[in-house]
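Consider how aromatic rings and a bound ligand can serve as landmarks when reading a protein model. The structure is shown first, and the walk through it comes after.

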Amino acid sequence: MTEQTLSNLLHENRRFEPPAELAANANVKADAYDEAGADREAFWAKAADRLSWAQRWDRVLDDDNPPFFKWFTGGKLNAAYNCVDRHVEAGNGDRVALHWVGEPVSDQGAESRDLTYAQLKDEVSQAANALSSLGVATGDRVAIYMPMIPEAIVTMLACARLGAPHTVVFGGFSAEALASRIEDCGAKVVVTADGGYRRGAPSALKPAVDEARSIAAGAGHTVEKVLVVRRTGQDVAWEDGVDVWWHDAVATASTEHTPEAFDAEHPLYVMYTSGTTGKPKGILHTTGGYLTQAAFTHWEVFDLKPETDVYWCTADIGWVTGHSYIVYGPLANGATQVLYEGTPDYPERGRWWRIIEEKKVTLFYTAPTAIRSFMKQGHDIPDQHDLSSLRILGSVGEPINPEAYVWYRHVIGGDRTPVVDTWWQTETGAMMISPLPGVTHAKPGSAMNPLPGVTADVVDDEGHPVPNGSGGYLVLTQPWPSMLRTIWGDDQRYIDTYWARFRDANGGQGYYFAGDGAKKDEDGDLWVLGRVDDVMNVSGHRLSTTEIESALVSHPYVAEAAVVGATDADTGQAVVAYVILREGAPESCEKELSDHVRTQIGPIAKPKRIMIVPELPKTRSGKIMRRLLRDLAEGRGVGDTTTLADSSIMELIAAGKAASTED
Ligand code: PRX
């Protein structure tokens with residue numbers, strides 16, 4: 001964020017009160033803050049009681065071995081039972097769980113399919129039976145690499161039903177990225193599709209799985225089975241004995257499956273996310289605490305009335321938002337939701353607004369990057385649709401600038417709808433800081449306050465809370481139910497990454513460091529400013545500078561690379577790479593390098609700009625000064641170079657910048 005934006009934020013004095021009717025009927029009212037403040041554990045125990053437990057817990061929070069906290073120990077439950085079966089048992093089997101909308105549109109309209117809770121129960125049971133017969137047992141890992149089709153959700157729930165942790169890999173990731181995740185968590189089975197639809201064309205997935213399987217085999221890891229949904233009808237290579245069609249294995253399986261209850265701390269899933277090193281971290285979430293907070297926050301922050309609301313979260317199931325706020329939270333709450341396969345603007349720019357109108361969506365959750373791109377297209381397109389069903393709008397993934405917030409509220413929400421700006425992370429598992437739609441007098445651009453039961457603060461370098469009106473590091477001061485439990489296979493990295501920065505005076509647990517900078521305004525409300533570490537946020541997607549640098553230096557032309565996230569009007573941040581070429585490399589190879597990053601990681605990591613430079617700015621100890629490169633990429637010119645080993649380097653780079661090409 002620039003100084004200019006920062007000071008604008010300080011002077012933001014617009015306030016939006018909750019609509020009176022919403023406030024009067026809200027699921028969660030202001031007294032929740034007092035209740036949680038008086039007894040946090042009792043508050044979370046009450047939230048856990050919204051779920052069905054096969055056996056009640058003995059202890060709410062086990063903090064005997066920080067930072068390895070446990071929640072609801074002694075309790076047993078099945079996550080899939082909670083998301084599906086119990087709604088059928090309660091007489092809601094006919095309620096639609098998923099209004100699935102496919103991307104293709106024909107003369108007959110959009111391809112679509114509704115699944116009731118009763119149908120979902122049958123399909124999840126069939127998939128659980130099929131996975132067991134493919135050898136998946138409790139504790140085995142299953143990788144999921146799928147488009148946004150109901151089978152993706154069915155597979156996640158089938159895994160949860162079996163107690164087999166899933167790892168969903170975003171369909172936009174490359175074969176290499178998929179392979180590294182499969183290897184890291186030792187996935188035995190991969191579930192995929194022949195392909196999915198993107199911008200009107202089938203886009204293949206199975207070939208990447210085949211390639212990932214062979215990369216993993218080269219590293220000594222065997223994927224035993226690949227279960228394939230036929231979605232696009234594309235030709236696929238087939239290996240008998242390994243590849244199995246979904247329609248052969250799942251559709252023919254029994255719809256009877258008895259879910260087993262697992263310990264509250266049984267692993268539910270591993271979600272890989274970028275950290276400050278080249279190797280993605282497998283964030284481990286477990287069952288009881290995670291489901292408690294995902295379900296509770298969804299009900300609280302979206303004020304969900306499951307009998308009447310139609311909810312839609314536009315995230316992909318490949319990200320944590322899809323896990324917590326498409327699959328586990330909404331389904332545990334018995335919600336009816338839209339699941340959309342495609343891109344926002346296919347086959348027309350108003351596709352999203354048409355879906356809202358047709359399905360009468362009441363609660364809508366999306367990312368600032370999407371809002372900004374719609375803002376650019378103007379209000380004419382949404383204005384052509386009746387969006388009056390909407391009653392709450394949510395935002396997630398990156399700071400939402402006040403202009404985008406106000407546009408969202410005004411143009412999409414018709415000035416009726418509160419906007420909830422929800423701050424959280426893959427690691428937190430569920431929302432942590434957000435307005436409450438029936439309580440908070442929200443300020444555009446501010447995530448406002450920690451939710452009831454959550455404790456956060458902004459601290460200085462020494463870990464002391466900063467006074468109102470100042471900025472610092474965002475920390476979470478006490479454990480919360482849906483917190484990550486560790487990094488898969490690397491407890492030490494878990495401690496070092498999150499708990500080492502702000503230890504308490506005795507070297508004990510201290511605070512969880514989120515990696516974000518934040519500001520407390522004069523009223524003590526929180527403004528999240530973005531990452532303070534080497535993690536970038538491009539279109540709400542987390543990318544590591546080091547990961548992209550490693551991808552670049554793995555190319556034979558590249559001697560050295562430095563990557564920065566530069567402020568970008570559309571995507572929040574954009575990837576800008578500075579590269580030193582090896583001798584003999586062709587002069588203009590920017591495109592080739594950028595394609596290389598695409599193959600190594602995926603299209604989202606592709607640099608927007610690659611600058612070929614003669615040198616990189618380094619301190620005397622050899623550390624690359626990314627701050628200077630960021631200044632340059634953001635057009636601020638050459639900043640303070642006094643700590644550079646060779647201060648003339650920045651001038652050289654700046655001079656070369658004019659010659660750089662935009663990819
Ligand atoms: O920098 C914060 C930003 O996204 C990061 C978490 O990214 P990820 O783990 O991919 O999860 C995204 C979906 C929860 C955070 O460290 N972030 C997320 N939500 C917000 C945000 N920044 C500001 N405001 C938000 N509402």
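The paragraphs below go from the aromatic rings to the charges over rings and then to the ligand.

The model is predicted. Across the whole structure, a search finds 38 aromatic pairs. One of them joins Phe43 and Phe296, whose rings meet edge-to-face, with 5.6 Å centre to centre and 85° between the planes. Because Phe43 belongs to helix H4 (residues 40-48) and Phe296 to helix H11 (residues 288-301), this pair ties together parts that are 253 residues apart in sequence. Phe43 and Phe296 are both buried.

A further edge-to-face pair is made by Phe302 and Tyr365, at 4.9 Å centre to centre and with 70° between the planes. Phe302 sits in the loop between H11 and strand E16 (310-313), while Tyr365 is part of strand E18 (residues 363-366), so here the parts tied together are 63 residues apart in sequence. Phe302 counts as buried because its relative accessibility is 0%. Tyr365 has a relative accessibility of 1% and therefore counts as buried; the cut-off for that class is under 20%.

Elsewhere, ring pairs build a cluster out of Phe68, Phe69, Trp480, Tyr494, Tyr498, Trp499 and Tyr512.

Rings also lie beneath charged groups in this model. Trp299 has the charged end of Arg50 over its ring, 4.5 Å from the centre. At Phe173 it is Arg181 that lies over the face, 4.5 Å from the ring centre.

What surrounds the ligand, by class of residue? The shell consists of 5 nonpolar, 6 polar and 5 charged residues. Among the 16 residues around the ligand, those that come nearest are Asp421, Thr422, Thr426, Asp516 and Arg542. Strand E20 (419-422) supplies at least two residues of this shell, and so does strand E25 (526-531).

Several polar atoms of the protein can be placed against atoms of the ligand. On the backbone side, a polar atom of Thr422 is 2.8 Å from a nitrogen atom of the ligand. Gly397 has a backbone N or O atom 3.1 Å from a nitrogen atom of the ligand. A side chain takes part at Asn537, where an N or O atom is 3.4 Å from an oxygen atom of the ligand. Taken alone, the ligand would expose 540 Å², and the protein buries 96% of that area.

Notes. Residues numbered from 1 in each chain as written. Predicted model: local features only at pLDDT ≥ 70, side-chain atom pairs only at ≥ 80, totals over all residues. Heavy atoms only, no water. Phe/Tyr/Trp six-rings, centres within 6.5 Å; stacked < 30°, edge-to-face > 60°. Helix = DSSP H or I, 4+ residues; strand = E, 2+ residues; numbered from the N terminus. Buried < 20%, exposed > 50% of the residue type's maximum accessible area, 1.4 Å probe, protein only. Lys NZ or Arg CZ within 6 Å of the ring centre and 35° of its normal. Near = heavy atom within 4 Å. Polar contact = N/O pair within 3.5 Å; in protein donor to acceptor, adjacent residues only side chain to side chain. Areas by Shrake-Rupley, 256 points an atom, 1.4 Å probe, with all protein chains shown as cover. Nonpolar A, V, L, I, M, F, W, Y, C, P; charged D, E, K, R; others polar.
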